[in-house]
Amino acid sequence: MHVNTDTTTHKNYLSDLINDDEKPMVKQEPKNCIIPLGCWLRATSLDETPQLINVLRGEMSLIGPRPPIPYEVAEYEGWALNRFDVVPGLTGLWQVSGKNKLSFREMIRLDVRYIKRLGLVQDTSIFFKTFPTLVALTREALASRR
């Protein structure tokens, strides 16, 4: 991740994910990292922790759909815009329901389903599933790097 990096490659990668109902939503692997620790932080999802500041500011919630990039939203179909009916979150139903194994369309469907069933019970369930899910995804990511 570098400042002022050309986003064309990432835009094309996202476009492929959005338009292919079969491709899983796997993070695009960085070609290089500024520091070696950066690749590890990305693999373990610890690069997301600064977003806790956004939660404290009230700009994000702990639980909810992941915030998208504006050029991602430009490719959404109308029904997918329903995911903006709630504040975005650090973790959500998609993250604890298969994340890297699900397609873009499945991610959006889970986000919309989450919104239709908003409530403390669902949020609590997602919250308690998040840590074990992160541990499993981290093990998987680190194993694949070996």
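These legends accompany close-up views of a predicted model.

**View 1. The largest nonpolar core.**
This core holds 20 residues. Those with the most contacts inside it are Met25, Trp94, Phe104, Met107, Ile108, Tyr114 and Ile126. Two helices, α1 (8–19) and α5 (104–116), each supply at least two residues of the core. The biggest share comes from α5, which gives seven residues.

**View 2. Tyr114 and its neighbours.**
Tyr114 is among the residues with the most contacts inside the largest nonpolar core. Setting aside residues up to four places away in sequence, Tyr114 touches Ile63, Gly64, Pro65 and Leu93. Its contacts also include Gln122, Asp123 and Ile126. Ile126 is itself listed with Tyr114 among the residues with the most contacts in that core.

**View 3. Arg66 in its loop.**
Arg66 sits in the loop between β1 (61–63) and α4 (70–73). Its relative accessible area is 17%, under the 20% limit, so Arg66 counts as buried. Two polar contacts of the Arg66 side chain can be followed here. One is with the side chain of Glu48, at 2.7 Å. The other reaches the backbone oxygen of Gly89, at 3.1 Å. Glu48 and Gly89 also appear among the residues that Arg66 touches, not counting residues up to four places away in sequence. The rest of that set is Gln51, Met60, Arg83, Pro88, Leu90, Trp94 and Gln95. Of these, Trp94 is also one of the residues with the most contacts inside the largest nonpolar core.

**View 4. Asn19 on helix α1.**
Asn19 belongs to helix α1. Its relative accessibility is 55%, over the 50% limit, so Asn19 counts as exposed. The Asn19 side chain reaches the backbone oxygen of Ser15 at 2.8 Å. Glu75 lies 56 residues away from Asn19 along the chain. The C-alpha atoms of Asn19 and Glu75 are separated by 8.7 Å.

**View 5. A nonpolar surface patch.**
Ile35, Leu37, Trp40 and Leu46 make this patch. Its area is about 370 Å². Ile35 lies in the loop between α1 and α2 (36–43). With a relative accessible area of 44%, between the 20% and 50% limits, Ile35 counts as partly exposed.

Technical notes: Residues numbered from 1 in each chain as written. Predicted model: local features only at pLDDT ≥ 70, side-chain atom pairs only at ≥ 80, totals over all residues. Heavy atoms only, no water. Core = buried A, V, L, I, M, F, W, Y, C linked by side-chain atoms within 4.5 Å. Buried < 20%, exposed > 50% of the residue type's maximum accessible area, 1.4 Å probe, protein only. Helix = DSSP H or I, 4+ residues; strand = E, 2+ residues; numbered from the N terminus. Contact = heavy atoms within 4.5 Å. Patch = residues over 30% accessible without salt bridge, like charges linked within 9 Å, V, L, I, M, F, W, Y side chains within 5 Å. Areas by Shrake-Rupley, 256 points an atom, 1.4 Å probe, with all protein chains shown as cover. Salt bridge = Lys/Arg side-chain N within 4 Å of Asp/Glu carboxyl O. Polar contact = N/O pair within 3.5 Å; in protein donor to acceptor, adjacent residues only side chain to side chain.
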